[in-house]
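Thank you for coming; please look at the sequence and the structure on the screen while I talk. I will go through a few places in turn and keep to what can be read from the coordinates.

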There are 2 protein chains.
Amino acid sequence: MKVSPFNSPIFRQLIEFKSNTYTYILGCHKTGKAVIIDPVVDTVSRDVQLLKDLKLDLIYGLNTHVHADHITGTNGLKSAFPSMKSVLCSKSGGQADKYVSDGEVIDIGGLKLEVRETPGHTNGCVTYVEHTLKSAFTGDALLIRKCGRTDFQQGNSSALYDSVHKKIFTLPEDYLIYVGHNYDGILQTSVWEEKNLNPRLTKSKEEFVEFMKNLKLDYPKQIDAAVPANMVDGKDH
Amino acid sequence: MKVSPFNSPIFRQLIEFKSNTYTYILGCHKTGKAVIIDPVVDTVSRDVQLLKDLKLDLIYGLNTHVHADHITGTNGLKSAFPSMKSVLCSKSGGQADKYVSDGEVIDIGGLKLEVRETPGHTNGCVTYVEHTLKSAFTGDALLIRKCGRTDFQQGNSSALYDSVHKKIFTLPEDYLIYVGHNYDGILQTSVWEEKNLNPRLTKSKEEFVEFMKNLKLDYPKQIDAAVPANMVDGKDH
C-alpha cells in the first residue's frame, strides 16, 4: 500500500480549459486510495502525474453523468491505474464498470461519497456528497447561480427543480458546492448561496420550467462526438 | 456590521482566464471582514458581486507584488468598497495605501495573514501565510513545479532560491500552497510536493541560478502597460 505524505484528507480541484470542466481528486491519507470526479480525456496525463505525485492509488473514476461537452478521461486513466473502476448512475444508459444509485456510498477509507440521484439535466445525473469535507459535487445538476440545461439528453426541467430542492438544498447551508463547469472563473459556491441567490432555482417550479423552456441555447459544440463516446466510457473517440 | 451566513472561515479561489491569474478571497465569518489577494482589473465586477453575495466587507486588497502580466484590481475595487486599503510590500517601489514588511500580520479577526518577504521574482514579493487554513499564498515566488521568472523587474535567482527555501519550505509539509498563476489547470499544491518534486527548487542553488539564466522566455505581453499601471496601484490604465 502506498502511503500518503499528508495527515489529512487530500482534495484537489483541477480545470480543463477547453471545455471549462472542473475535475476533482479526493484521496484518503490513511489508505492512500483516491477517486477522481469528471476527468477529461485531454488532461489524463496531467491527472495521472498528479495522482502519482500525491502517492495515491486511483480506485474509482466517477462521472456525474454522460457528458455532452467533453469526452470523459475514465477510460484513459485505466492505462495508468488498471484496477480503477469507472462509475456511472444505473439510470444513465451508459457503459461503466460499476453502477451506483441513490443512497449508495463510495468508500475509500476516511472519505465516503454518498450518491444522491439528481436527474433533470440527464436521467442519470448524480451528486456526490462528502460529509467530512462538507462538500457536494453536483456535476451539471446545479451550477454557480445557474443550472444544467434541460433541452437535450432526456432533459426535464421539472425533475431538475425537484432534484436540486430535495437532494441539494436540504444539505446544511455551509456545505460547499463544487460544480462541473463555470465560465466566469468562479470555483466554488455553497448551499446557502444557491438556495438564496440562484436566480433560477429561487423561482417557483412553474416559473422555473417556463424560464428553462425559453433559454434558446446554442447546440453544444462537442455533443455529436462526446455523447456516443461517453456512452461507452470514453472508449470510442 | 454585516453578518456572514457561514460558521467557518470563508475561502474562495477565483480565476481570471486571460492572464490565468488566481485571485483569493479570505473572509472572517465572525467579523464579516475580508481581504482579496491579487485581484485583476478585468474581473473587478465579478469579485465585488461575490463579496457582496457573501456579505463580506473588503478591508484590504493585497498584491503579492507589482504584477507584469495583468493590471491589479485593487484600485477598481475601491468604488464598491471605499474604505478598502491597497497593500504592497514596502520594498516594492509601488504606490499603495498600506505597506507591509516581513513578520507583519494582516488581521481581519479569525483570519490572520502573516507577511513573509520572498524577493527574487521582484524585490517586493511577499508570501502571505494563514495558519488556521494551513495555507500560503505565494504569488509568483513559488509556482506549481515551477517558480517566477527572474529576468526582469529586479529579478534575482539567487535571492529567489533563498526566499523559497527559507520562507516557504520551512512551513509544515501539509500546508497548501496557492500560487499566482498556473497554465495547466492545477489549482493548488503543498509544501511537501514542491519541496520534493519541484524540478527547479530541488536543485542546488548554483544549478538553479544557471538553469534560470538559460530559460529564454518570451517578453510578457502586458508588461509595458501593466508595470507602469501597477506602480500606481492600477490607477493608470
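The buried residues of α1(A) pack against β1 (10–16), β2 (21–27), β3 (33–37), β4 (57–62) and α2 (74–77) of chain A, and together with these they pack against α4 of chain B. Please keep in mind throughout that what you see is a predicted model. The helix itself, α1 of chain A, covers residues 44–53, and because 7 of its 10 residues are buried, it is largely enclosed by the rest of the structure. The buried ones are A:Val44, A:Arg46, A:Asp47, A:Val48, A:Leu50, A:Leu51 and A:Asp53, so that you will find charged residue names on this list beside the nonpolar ones if you follow it along the sequence. After α1(A) comes A:Lys55, whose phi is positive, near 60 degrees. Why does a positive value deserve a remark? Most residues other than glycine have a negative phi.

Let me step back to chain A as a whole, which has 6 helices and 14 strands. Its radius of gyration is 17 Å, close to the 18 Å that the globule rule gives for 237 residues, so chain A is as compact as a globular protein of that length. Taken along the principal axes, the box filled by its C-alpha atoms is roughly 55 × 40 × 30 Å. Buried residues account for 60% of the 237 residues in chain A, and, among its contacts between residues at least 6 apart in sequence, 63% join residues at least 24 apart. The accessible surface of chain A comes to about 9000 Å², and 51% of that belongs to carbon and sulfur atoms. As for charge, chain A carries 28 positive and 29 negative side chains, with the centres of the two sets 3 Å apart.

Now to the interior. Which residues touch the most other members of the largest nonpolar core? That core has 123 residues, and the ones in question are A:Leu62, A:Ile106, A:Tyr128, B:Leu62, B:Ile106 and B:Tyr128. If we take A:Ile106 and set aside residues up to four places away in sequence, its contacts are A:Val35, A:Tyr60, A:Leu62, A:Val87, A:Lys98, A:Val100, A:Leu111, A:Lys112, A:Leu113, A:Val115 and A:Tyr128.

Turning to chain B, I would like to show you B:Phe137, which is placed in strand β10, residues 135–139. With a relative accessible area of 1%, B:Phe137 is buried. Not counting residues up to four places away in sequence, B:Phe137 touches B:Phe11, B:Tyr24, B:Leu26, B:Ile37, B:Thr64, B:Val126, B:Thr127, B:Tyr128 and B:Tyr178, and B:Tyr128 is one of the core residues that I named a moment ago.

Is a loop residue such as B:Val40 buried or exposed? B:Val40 sits in the loop between β3 (33–37) and α1 (44–53) of chain B, and at 0% relative accessibility it counts as buried, because the limit for that is under 20%. Leaving out residues up to four places away in sequence, the contacts of B:Val40 are B:Glu16, B:Thr21, B:Thr23, B:His70, B:Ile71, B:Thr72 and B:Gly73. Between the C-alpha atoms of B:Val40 and B:Val191 there are 26 Å, with these positions 151 residues apart along the chain.

B:Asn196 belongs to helix α4 of chain B, residues 191–197, and I mention it since α4 of chain B is the element against which α1(A) packs. At 41% relative accessibility, B:Asn196 counts as partly exposed. Apart from neighbours within four places in sequence, B:Asn196 is in contact with B:Glu173 and B:Thr202, while its C-alpha atom is separated by 38 Å from that of B:Asn75.

Finally, I come back to positive phi values, of which there are several further examples to look at. A:Lys216, in the loop between α5 (205–213) and α6 of chain A, has a phi near 50 degrees, and at 72% relative accessibility A:Lys216 counts as exposed. B:Gln154, in the loop between β12 (146–147) and α3 (157–168) of chain B, has a phi near 60 degrees, and with a relative accessible area of 44% B:Gln154 is partly exposed. In chain A, helix α6 (residues 223–231) has A:Ile223, A:Ala226, A:Val227, A:Ala229 and A:Asn230 as its buried residues, and the helix is followed by A:Asp233, with a positive phi near 65 degrees. In chain B, α6 is followed by B:Asp233, where phi is positive and near 60 degrees.

Terms used
Residues numbered from 1 in each chain as written. Chains lettered and ligands numbered in written order. Predicted model: local features only at pLDDT ≥ 70, side-chain atom pairs only at ≥ 80, totals over all residues. Heavy atoms only, no water. Helix = DSSP H or I, 4+ residues; strand = E, 2+ residues; numbered from the N terminus. Rg over C-alpha atoms; globule rule 2.2 N^0.38 Å. Buried < 20%, exposed > 50% of the residue type's maximum accessible area, 1.4 Å probe, protein only. Contact = heavy atoms within 4.5 Å. Areas by Shrake-Rupley, 256 points an atom, 1.4 Å probe, with all protein chains shown as cover. Lys, Arg positive; Asp, Glu negative; His and termini not counted. Charge placed at Lys NZ, Arg CZ, Asp CG, Glu CD. Core = buried A, V, L, I, M, F, W, Y, C linked by side-chain atoms within 4.5 Å.
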